[in-house]
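Visitor: I would like a close look at one helix and what surrounds it. Please start with the chain as a whole, stay on that helix for a while, and then follow its neighbours outward to other places worth checking.

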Amino acid sequence: MDDPLSPKRPKAPKAGILLAVDAWIDSTVYEAGFLLGEAYENATIFFRRFRFEGWRRCVVEVLGEAMALGAAGSVVMMALAMPAFEETRGDWRTQGDFAVTFTDRNDVEIGRRGIMQRDSVPIDEMPDHVIEAVLATEDRRFFEHHGIDVAGLARAVTENLRANSVVQGGSSITQQLAKNLFLSNERTVERKVKEAFLAVWLEANLSKKEILQLYLDRAYMGGGTFGIAAAAEFYFGKEVKDLDLAEAAMLAGLFKAPAKYAPHINLPAARARANVVLDNLVDSGFMTEGQVLSARLHPADIVDRGKQNSPDYFLDYAFDEVKRLAKDTGNRSIVARTTIDLDLQRAAEESLEFNLRQHGKDFRVSEGAIVVLDTDGAVRAVVGGRDYGESQFNRATRALRQTGSSFKPYVYATAMENGFTPDSTISDGPVNWGGWQPKNYGRSFSGRVTLASALIRSINTVPVRLAKDHLSIPPIKAMAEAMGVETPLNGHKTMVLGTSGMTVMDQATGYNTFANGGFSGTRHAVQQLSTHSGEVFYDFARDAPKPKRVLSEQALKSMNSILVQIPEIGTAKRAALPGIRSAGKTGTTQSYRDAWYVGFTGNYTAAVWLGNDDFSPTNNMTGGSLPAMVWQRLMVFAHRNVDLKPIPGIERPFLDAEIAAKAGEAERKRLAEAAADAAERPTALSTATARFLRDLSRAFRDAPQIEEPKEPDTMSALQGSL
């Protein structure tokens, strides 16, 4: 009998069970390894049957590498395709469902935008010769390819190489439609990649008839018209279904270069282009020479509508504003009274074209953009490029370009709101911010300087030190946004020196806060929206949000007291106006890719950007050179015969002797010469005249050289006669 008081012994483990489990694990792992090895050996033996020797092995190796590269390429292509497909988000089919008639401030019609569905003529109702003329010229294999015409592209490359110039385009109609619907005219590799993917996407989602219909309805046709139906009415006073062959050929020739071949601008060039379209009809087999002979002998005539220079870049911007304002009103056929000043618009176009024509080659710069605002926020002029017919991309409202030192006023304005004054001193010395060590333009330092001196001289280290040691980036970003900058800023520390991309419209809007007494939120291009029966359903003065103060009176006065000195003794002396005080700031980006001048008076604010579409560097162009000259020429015109208003915080709008003395004798002489030049020169060249001069210059430049006749050999001639 067990003793109940004795401790119980633990039961012995079942060693047999544990040993069995261990043996099972060992055998299973061994068998699995054996089976895998056997399977690998069998697979190796099997694939040995496919081992090739000699030339067959070379073929297999090449195919294997091709498959590997193809798989990698597919991954890369998908990565490139994703940004392109992002463009298709939204209701892109109804982009043209507004029909807007635009007028100036005096209710004079200046252009139209949009297309109602009832205004679109179905392809089935268009004459065959209209469709054939377009296809023969723009895309002969339209019904055969799937968005990208490889054969047509190869043919275009061959012809261009043979001619040593661009004589044929390789883009299909689908690619052109993709660009018109979703993209810009920027000449970048990214845009061409997106265009290719979107063309394939359109082919997969639309029928050929739908693609062709959209192309004919949305293409720019010159004269401020979009779509072949609007062009037929504008140029010939006809519906598209009533066009004869000569008229159809002239319209088909506009798709390539509407500004160059617009018949109301250059009828001989339009007729010559129409003759090329007739050649294309014969070459493509759509018609015979006998069928086009009558159109050759009797070219099309147009309706005389006088000189009409449509402010197309402004209209595009205003159209976007109309769509935003009228989106939820239920109105689609609208009359919009705009804020444009046609004289200022023409002067802005002329100043840009004049300076680029005179100095563009020396500075290696080809494009520019301008925005002019009244100090009350009304948009008076928008120039989105040199020629709307060549490129409808609005560089004033859509191009994001680094701003360089022209961003610094936002930093200094933030400082003034945080207790600094123009006389506050900051060290201009080496600064290191997390490994970033910005340098000054002259690669030198000045020790302790006042904020006024630092901004006038455009010293780089001071705004960096302000942001690093006193302000931080978020308040600066918030200040720029409060002043009207709509483009998302990157918020990086380098932003204080203008590395974040902004639009010209952003810059004009932001600086207009300085000219408008510290208030923002007033920018507008549309004064009133009404129906065609006269019912006003939007009025800016009544319905727009009230402006809000973003700069205190003291901060505003401090900033303007500095900015007015920049054209007088600072980096923008070429922008100084004869007898009138102005204020502003220059900007130049790395490698001289972008150059800015943004300035204002008590009457107007204007922002000027110059650069190249392909982001190539200019020839050492700074904001104080050509951009300041463009601004100065424009603003001299703008201030003729107007009541001068003082800049807020600056008592006198006139540049008197005391102020001018600071500039020195040479600067006073230059201002006097500028005043004399302003009094003598005409108001502005028209867009048509500027385009004609540019085409003439291009023709002289591209013309083949004529070999000079050799001097006759007098002695040989005498010997031959003897």
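Guide: The protein chain exposes about 36,700 Å², and carbon and sulfur atoms supply 55% of that area. The model is a predicted one. Its protein chain has 722 residues, of which 48% are buried, and the chain contains 27 helices and 16 strands. Among contacts with a separation of 6 or more, 72% are between residues 24 or more positions apart.

The helix to look at is H17, residues 461-471, which is mostly covered, with 8 of its 11 residues buried. Which residues of H17 are buried? They are Thr461, Val462, Pro463, Val464, Arg465, Leu466, Ala467 and Leu471. An arginine, Arg465, is thus on the buried list. These buried residues pack against three helices, H15 (408-417), H16 (451-456) and H18 (473-482), and two strands, E7 (425-428) and E8 (447-450). Just after H17 comes Ser472, with a positive phi of about 75°. As background, most residues other than glycine have a negative phi.

Two of the neighbours of H17 also pack on each other. Two packed helices are described by the angle between their axes and the distance between the axes. For H15 and H18 the angle is about 105° and the axes are 9 Å apart. Angles from 65 to 115 degrees count as roughly perpendicular, and H15 and H18 are therefore roughly perpendicular to each other. On the H15 side the contact is made by Tyr410, Val411, Ala413, Thr414 and Glu417, and on the H18 side by Pro475, Ile476, Met479 and Ala480. Sorted by class, this contact between H15 and H18 has 7 nonpolar, 1 polar and 1 charged residues.

Tyr410, one of the H15 residues that touch H18, leads on to a group of rings. Tyr410 forms one aromatic cluster with Phe407, Tyr511, Phe514 and Phe600. The count of aromatic pairs comes to 13. Tyr511 and Phe514 are an edge-to-face pair, 5.9 Å centre to centre with 85° between the planes. Both Tyr511 and Phe514 are buried. They lie 3 residues apart in helix H19 (residues 504-515), so about one helical turn separates them. An α-helix has 3.6 residues a turn, so residues three or four places apart point the same way. Another aromatic pair, Trp433 with Trp436, is tilted: the centres are 6.4 Å apart and the planes make an angle of 35°. Trp433 and Trp436 are both buried.

For a second covered helix, turn to H8, residues 228-236. Here 7 of the 9 residues are buried, so H8 is largely enclosed by the rest of the structure. The buried residues are Ile228, Ala229, Ala231, Ala232, Phe234, Tyr235 and Phe236. They pack against H3, H7 and H9 (245-252). H8 is followed by Gly237, whose phi is positive, near 65°.

H3 and H7, both packed against by H8, also meet each other. The axes of H3 (residues 128-138) and H7 (residues 208-218) come within 13 Å and cross at roughly 90°. That makes H3 roughly perpendicular to H7. Ile131, Val134, Leu135 and Glu138 of H3 meet Leu212, Tyr215 and Leu216 of H7. The contact of H3 with H7 has 6 nonpolar and 1 charged residues and no polar ones.

Some loop residues are also worth checking. Arg364 is not a glycine, yet its phi is positive, about 55°; Arg364 sits in the loop between helix H14 (342-363) and strand E4 (367-374). Asn641, likewise not a glycine, has a positive phi of about 55°. Asn641 is in the loop joining helix H23 (626-638) and helix H24 (657-660). Is Asn641 buried or exposed? Its relative accessibility is 85%, so Asn641 counts as exposed, the cut-off for exposed being over 50%.

Finally, Gly579 lies in the loop between helix H22 (566-569) and strand E14 (583-588). At 35% relative accessibility, Gly579 counts as partly exposed. Its C-alpha atom is 5.6 Å from that of Phe654, although Gly579 and Phe654 are 75 residues apart along the chain.

Key: Residues are numbered from 1 along each chain as its sequence is written. This is a predicted model: local features need pLDDT of at least 70, side-chain atom pairs count only at pLDDT 80 or more; totals for chains, interfaces and linings use all residues. Side-chain values use heavy atoms; hydrogens and water are left out. Helices (H or I, at least four residues) and strands (E, at least two) are DSSP runs, numbered from the N terminus. Buried means under 20% relative accessible area, exposed over 50%, partly exposed in between (1.4 Å probe, protein chains only). Contact means heavy atoms within 4.5 Å. Accessible areas come from the Shrake-Rupley method with a 1.4 Å probe; for residues, only the protein chains shown count as cover. Axes are lines fitted to C-alpha atoms, for helices over the stretch in contact, and angles run from 0 to 180 degrees between N-to-C directions. Angles under 35 degrees count as roughly parallel, over 145 as roughly antiparallel, 65 to 115 as roughly perpendicular and the rest as oblique. Ala, Val, Leu, Ile, Met, Phe, Trp, Tyr, Cys and Pro count as nonpolar, Asp, Glu, Lys and Arg as charged, and the others, Gly among them, as polar. Rings of Phe, Tyr and Trp (its six-membered ring) pair if their centres lie within 6.5 Å; planes under 30 degrees apart count as stacked, over 60 as edge-to-face and the rest as tilted.
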